[in-house]
Amino acid sequence: MSRFLPLARSTFHSPAWFIPFDDYARRVRSAGVTVQLDRFEDGAWLPLDDAAVRTPSAAFAYPGLGRCAEPWAAPPRRHRARFAAAGYQPLYPADGQPFSAGLVGVEFLVHPYDDTHPPAVAAEPRLVRLLPGVSFPYPPGVRTVHGAVVDAATAQPIANVLVEAEGRTSRDLTPWHERTLSDATGAFRLALRWEGEKAGEHAVEETFHLRATERPGRSGSLVVRLPQDIERRHVIEIRES
């Protein structure tokens, strides 16, 4: 549970400002979100007890982190923040950055400072997108497709793979984008709220192109046709590309 930071105390330096964003509802979300802070020491990540502070704007910050005596003699230190929220899985790469399933947190540098020596680098707000997971409570009537992501060579499940579909509605060409992440067992469940490709104006069948990415150079794809494939367990195979 994060502590709430009153506006009058928000002048502390924080090396990071995280804004959790519900990717399904398209809005900022802080309720029910927890953050675990780690520090990199001696070649390994060490969990810390520092609690994130929640600001009035729903950001999570660490005021005071990096404060020390003689900051000019201390090096910056690597930290990372790991997020959790029931029904969601965090998407750690920043917008516009390549996806990798190996990322398990948002890394950042903590620059030392004191009252007369501010941090060498000012922190910028960082959006952390929360994608609906397998257990996400979709509203009644929302279409979803489910299945698993596996390695094409070994058939072993792959966790934390980005599964997505995108397109445009046929009537007004409005772009849409749905995405999720596979869980620890490789399972995924993806919402398809928008209209898929149709052969004609009055066609019933809709076609969706699912794309799964483990990391740059390793991906897979699958075609889903609705309504006939709605109950099918879909398996997406990941291979080198």
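In the predicted model, strand β14, which covers residues 175-181, contributes three residues to the lining of the largest cavity, the largest share of that lining. The complete lining consists of D23, Y24, P132, H177, E178, R179 and R193. The space enclosed in the largest cavity amounts to about 40 Å³. A search of the whole structure returned one cavity of 30 Å³ or more.

The largest pocket holds about 360 Å³ of space. Its lining comprises 19 residues, and P15, A16, A122, A123 and E124 are those that lie nearest the centre of the pocket. Two strands, β2 (17-22) and β10 (106-110), each provide at least two lining residues. Strand β10 supplies four residues, the largest share of the pocket lining.

With regard to the chain as a whole, 18 strands and zero helices were assigned. Along the principal axes, the C-alpha atoms occupy a box of roughly 70 × 40 × 30 Å. Of the 241 residues in the chain, 42% are buried. When contacts between residues at least 6 apart in sequence are considered, 67% of them join residues at least 24 apart. The exposed area of the chain is about 13200 Å², and 53% of this area is supplied by carbon and sulfur atoms. Charged side chains number 28 positive and 29 negative, and a distance of 3 Å separates the centres of the two sets.

Two partly exposed residues were examined individually. Residue Q36 belongs to strand β4, which spans residues 34-41. Its relative accessibility is 27%, so Q36 is classed as partly exposed, given that this class lies between the limits of 20% and 50%. Beyond its neighbours within four places in sequence, Q36 makes contact with P47, L48, R80, A81 and R82. For one of these partners, R80, the separation from Q36 is 44 residues in sequence and 8.3 Å in space, taken from C-alpha to C-alpha.

Residue C68 is located in the loop that connects β7 (60-61) to β8 (77-84). This cysteine is partly exposed because its relative accessible area is 27%. With residues up to four places away in sequence set aside, C68 touches A74, P112, Y113 and D114. Between C68 and G32, which are 36 residues apart along the chain, the C-alpha distance is 32 Å.

Backbone geometry was considered next. Most residues other than glycine have a negative phi, and most peptide bonds are trans. In this model, the peptide bond between L226 and P227 is cis, with omega of about 15°. P227 is situated in the loop between β17 (218-226) and β18 (233-240).

A positive phi was found at A155, where the angle is about 65° although the residue is not a glycine. A155 occupies the loop between β12 (144-151) and β13 (162-168). With a relative accessibility of 52%, A155 is counted as exposed, because the limit for this class is over 50%. L173, likewise a residue other than glycine, has a positive phi near 60°. The loop between β13 and β14 contains L173, and the relative accessibility of L173 is 52%, so L173 is also counted as exposed.

Key
Residues numbered from 1 in each chain as written. Predicted model: local features only at pLDDT ≥ 70, side-chain atom pairs only at ≥ 80, totals over all residues. Heavy atoms only, no water. Buried < 20%, exposed > 50% of the residue type's maximum accessible area, 1.4 Å probe, protein only. Contact = heavy atoms within 4.5 Å. Areas by Shrake-Rupley, 256 points an atom, 1.4 Å probe, with all protein chains shown as cover. Lys, Arg positive; Asp, Glu negative; His and termini not counted. Charge placed at Lys NZ, Arg CZ, Asp CG, Glu CD. 1 Å grid on protein atoms, 1.4 Å probe; cavity = no way out; pocket = protein on both sides within 12 Å on 5 of 7 lines; lining within 4 Å. Points joined across faces, edges and corners; volume = space filled by probe spheres on them.
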